[in-house]
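The following paragraphs lead the reader through one protein model, from the whole chain to selected details. Please keep the sequence and the structure in view while reading.

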Amino acid sequence: MLSESPVPRAVLVFASIAVFILLLYGASDSPPFLSSSSSSSGYSFNIFPSLLGGSDSQIPINGGDDYNKLEKVLKEAAMEDKTVIIATLNEAWAAPNTVIDLFLESFRIGQGTRRLLDHLVIVALDEKAYRRCMELHTHCFALVTQGLDFHDEAYFMTHVYLEMMWRRIDFLRSLLEMGYNFVFTDADIMWFRDPFPRFFLDADFQIACDHFSGNSSDIQNRPNGGFNYVKSNKRSIEFYKFWYSSRETYPGFHDQDVLNFIKFDPFIESLGLKMRFLDTAFFGGLCEPSKDLNLVCTMHANCCFGLDSKLHDLGIMLQDWKTFLSLPPTLKRSLSVSWRVPQNCSLNSLHQHDSPEKSVQQTVGH
């Protein structure tokens, strides 16, 4: 029998390694965990320099792979005036029959909101959230931060929660620098009507409230960072930089608390930033529910702790809205129709809301 030659063996080993490398990297434009879809503008995980190097680092405005991928998603989703709707999503809220399903359903059954889905970009913070987004929606962008894991439920004021909130602020600043206006919305906000007719035309930054004083210009209002509409200009960009950098001035606080501190800062006035606070009659939440379903645009599951509680009360919100839509027009206008929530959500920090006899359920006799 002939002896085995060492040369063919070396060739085979080299060929095997080469094939493995080609298989691993040959489709570098596709997500490493998911094939690209011809029907969805989805992209793989990207790490922006701005999210790694602190407040002084910038997204590569003049180009780069991260910039180009994000720019493509934003361009495909943007309205004519370069406005996009942005929501962030992690694995805990992306699971089937959970927050993301309720969020998207609200757009589909709201008045004038279905078309807004064309302008919604869901920013996934982990792999499973990205996969689920690609199953459900057209415009998905995957964003991770090196060394941080956002896939689990982020419990209020934990380290992961704070990091997630501040990364969100820095990411939104990047969008402004790219020239895009945005409506940012938490995914636990139900969209029941098109909110754009209720926005102020002259404001640079307008934000929903946990408590609304009755005056949209009153900085004593208690804003909620889960819903805001921001126009891209020099004032808003500098404001977001100041907001993000202020996390170092107020360590251990989340973005909403810091906003409540800095809204009084003379620097805001010196910027000339036009800040307005949105009326809870139109942009309500469990902290201060919108009392009239004839007016409500959005409802937020704020002042609520725990995913199970949120899911329960969000489901009740959607049921109440469907019941309201089923009423004859005369009854919609004549009855003082309100909500059956909060139920499972914590009542400790909620304001007094309408009595049960005014709820949708009892109004229609269920």
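Accessible areas come from the Shrake-Rupley method with a 1.4 Å probe. On that basis, the protein chain of this predicted model exposes about 17,000 Å², and carbon and sulfur atoms supply 54% of that area. The chain has 366 residues, of which 53% are buried. Its secondary structure comprises 12 helices and 11 strands. Among the contacts in the chain with a separation of 6 or more, 70% involve residues 24 or more positions apart.

A first place to look is strand 4, which covers residues 139–143. Five of its five residues are buried, and the strand is thus described as mostly covered. From strand 4, His139, Phe141 and Leu143 point one way, while Cys140 and Ala142 point the other way. The residues on both of these sides are buried.

Strand 4 has a partner in strand 3, which spans residues 120–124. The two strands pair in the parallel sense over three bridges. One residue pair can be traced directly: Ile122 has Cys140 of strand 4 as its bridge partner. Helix 5, residues 127–136, belongs to this arrangement as well, for strand 3, helix 5 and strand 4 make a right-handed β-α-β unit.

Attention may now turn to a single side chain and its surroundings. Tyr240 is found in helix 7, which runs over residues 234–245. Is Tyr240 buried or exposed? Tyr240 counts as buried because its relative accessible area is 0%, and buried means under 20%. Leaving aside neighbours within four places in sequence, Tyr240 is in contact with Ile169, Leu172, Arg173, Leu176, Phe182, Phe205, Asn228 and Val230. Of these partners, Leu172 lies 68 residues from Tyr240 along the chain, yet the C-alpha atoms of the two residues are separated by 8.0 Å.

Finally, the model contains enclosed spaces. There are three cavities of 30 Å³ or more, and the second largest has a volume of about 60 Å³. Which strands each supply at least two residues of the lining of this second largest cavity? They are strand 7 (205–211), strand 8 (222–230), strand 10 (283–285) and strand 11 (298–300). The lining consists of Ile189, Ala208, Cys209, Asp210, Asn224, Phe227, Phe283, Gly284, Gly285, Thr298, His300 and Asn302.

How values were computed. Residues numbered from 1 in each chain as written. Predicted model: local features only at pLDDT ≥ 70, side-chain atom pairs only at ≥ 80, totals over all residues. Heavy atoms only, no water. Helix = DSSP H or I, 4+ residues; strand = E, 2+ residues; numbered from the N terminus. Buried < 20%, exposed > 50% of the residue type's maximum accessible area, 1.4 Å probe, protein only. Contact = heavy atoms within 4.5 Å. Pairing = 2+ DSSP bridges. Right-handed = clockwise from strand over helix to strand, strands pointing away. 1 Å grid on protein atoms, 1.4 Å probe; cavity = no way out; pocket = protein on both sides within 12 Å on 5 of 7 lines; lining within 4 Å. Points joined across faces, edges and corners; volume = space filled by probe spheres on them.
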